[in-house]
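Q: Please take a close look at the disulfides of this structure. I am a first-year student, and a connected account would help me follow them.

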Amino acid sequence: MIRRGAPALLSAAALITGGLAVAAQSSAFATTSTTASSPASTVHTHRLCSQPSKPGYMACQAEVRTDLKSQKSLGRQDTPKGFGPADLQAAYNLPKDGGKDATVAIVDANDDPNAEKDLAAYRSQYGLPECSTANGCFKKIDQDGGTNYPAPDAGWAGEISLDVDMVSAACPQCKILLVEAKSANMDDLGAAVNQAVKQGAKYVSNSYGGGEEAADTTSDDQYFKHPGVAITVSSGDSGYGVEYPAASQYVTAVGGTSLKKDSSTRGYSESVWGKAAGGDGAGSGCSAYDAKPSWQKDSGCAKRAVADVAAVADPATGLAVYDTYQASGWNVYGGTSASSPFIAGVYALAGTPGSGDVPASYPYAHADKLNDVTDGANGSCSDYLCKAGKGYDGPTGLGTPNGVAAFTK
């Protein structure tokens with residue numbers, strides 16, 4: 001199957017690999033001048049995965065802040081920059097327990113040789129329960145279910161670190177299954193999705209995407225049609241525009257927000273990750289090929305609309321992640337690669353989906369149980385597909401988690 005590459009990379013100016021270090025800050029960015037409404041003008045980022053050079057390949061949806069110094073180690077009184085588990089649990093009103101023995105699968109390409117070690121460092125820093133091969137919480141396999149791991153890749157290793165850390169933040173009691181595809185080809189990644197389901201995972205996160213094409217509907221049936229399994233997919237990091245597999249009618253397409261602390265009753269506020277001029281930001285739009293699911297009722301798109309729900313993804317209000325494979329420890333990551341695994345963890349907290357259900361339909365039956373995001377845009381269009389507003393919109397879907405009630409039948 002031939003697939004167009006992911007959207008073009010950021011401009012050279014945005015791919016700065018260094019930058020002026022900023023002062024130490026709390027995990028919730030309380031002392032920065034960064035604002036959720038103007039992320040592109042205040043931070044520098046670099047995409048972990050470059051644009052695919054071959055047809056049929058996908059790119060991961062993760063970005064790293066390059067204007068913040070990496071932290072290999074922390075002093076006794078130091079905390080990592082970026083939001084940590086306690087911040088996210090508070091922002092999204094999540095239970096501190098739940099999800100025990102539920103398995104969340106992470107599907108990525110290539111190998112992260114340090115995945116388990118780095119996960120242990122993240123969880124230890126934040127006082128989360130051990131999750132290791134030894135205690136049965138963590139398992140890493142290849143796309144065939146064995147241990148013949150693919151070649152390592154620094155970009156995808158960073159993606160893997162982000163994914164396992166975000167599952168841990170959402171659902172500390174969950175087990176984590178990492179399935180590594182031999183390449184970033186959609187067919188290999190799809191085989192890894194099927195393997196995750198074969199292993200018994202009821203929640204599968206996919207933090208990658210590429211351009212849409214007519215063959216997507218075939219991939220839907222081959223790789224993503226798994227009733228009773230909550231499959232989440234990142235909506236994209238290039239602003240307004242649809243990517244696959246987020247456009248699949250069988251998955252929960254996860255958009256992205258900017259998240260900041262404030263003095264409201266909730267204690268946090270959110271806006272669309274992106275800007276009206278387009279470019280960097282959460283993906284959204286109307287699919288060219290995938291049929292509209294019966295549970296999706298927006299009237300301005302005759303086919304599948306993206307996204308369904310959202311969570312924090314803006315690197316300017318990003319996440320603390322620990323990654324040491326050709327990386328320097330603590331960094332601040334963002335992208336819809338953060339929101340997809342986080343939402344997979346929220347589904348796990350909510351409980352096992354109905355055996356014949358498409359769990360992407362659940363939030364549509366409980367939209368009042370979500371935080372409606374009504375401010376911001378991710379590109380220039382004339383309607384809700386790129387502009388936030390009351391109710392459903394493309395960049396943030398129906399909204400962000402307010403507890404887990406929207407993620408069960």
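A: A good place to begin is a pair of cysteines, where Cys-381 is buried and Cys-386 is buried as well. The model is a predicted one, and in it Cys-381 and Cys-386 are joined by a disulfide, with 2.1 Å from S to S. The torsion about the S-S bond of Cys-381 and Cys-386 is about -110°, and the disulfide is therefore left-handed.

The link between Cys-171 and Cys-174 can be read in the same manner. These two cysteines form a disulfide with an S to S distance of 2.1 Å, and both Cys-171 and Cys-174 are buried. Here the angle about the S-S bond is 75°, and the link of Cys-171 and Cys-174 is right-handed.

The pair Cys-286 and Cys-301 is also joined by a disulfide, and its S to S distance is 2.0 Å. Because the torsion about the S-S bond of Cys-286 and Cys-301 is about 85°, this disulfide is right-handed. The pair links distant parts of the chain, since Cys-286 lies in strand β14, which covers residues 281–291, while Cys-301 lies in the loop between β14 and β15 (303–306), and the two cysteines are 15 residues apart. Their surroundings can be judged from the relative accessible area, for which buried means under 20% and exposed means over 50%, with partly exposed in between. Cys-286 has a relative accessible area of 31%, so this cysteine is partly exposed. Cys-301 has a relative accessible area of 3%, and Cys-301 is therefore buried.

It helps to place these links within the whole structure, where a search finds five disulfides. If the bonded cysteines are counted along the chain, the disulfides follow the pattern 1-2, 3-4, 5-6, 7-8, 9-10. The links described above, including the one between Cys-381 and Cys-386, can be read with that pattern in mind.

Away from the cysteines, one sheet can be added to the picture. Strands of a sheet pair through backbone hydrogen bonds, and the pairing may be parallel or antiparallel. In this model there is an open sheet of three strands in the order β2-β8-β11, and its pairing is antiparallel. The edge strands are β2 (59–60) and β11 (243–244), each of which pairs on one side only. Strand β8, covering residues 208–211, is joined to β2 by two bridges, and these strands run antiparallel. Looking at a single residue, Ala-59 has Gly-209 in β8 as its bridge partner.

Notes:
Residues are numbered from 1 along each chain as its sequence is written. This is a predicted model: local features need pLDDT of at least 70, side-chain atom pairs count only at pLDDT 80 or more; totals for chains, interfaces and linings use all residues. Side-chain values use heavy atoms; hydrogens and water are left out. A disulfide is a pair of cysteine sulfur atoms within 2.5 Å. Buried means under 20% relative accessible area, exposed over 50%, partly exposed in between (1.4 Å probe, protein chains only). Helices (H or I, at least four residues) and strands (E, at least two) are DSSP runs, numbered from the N terminus. Two strands pair if DSSP finds at least two bridges between them.
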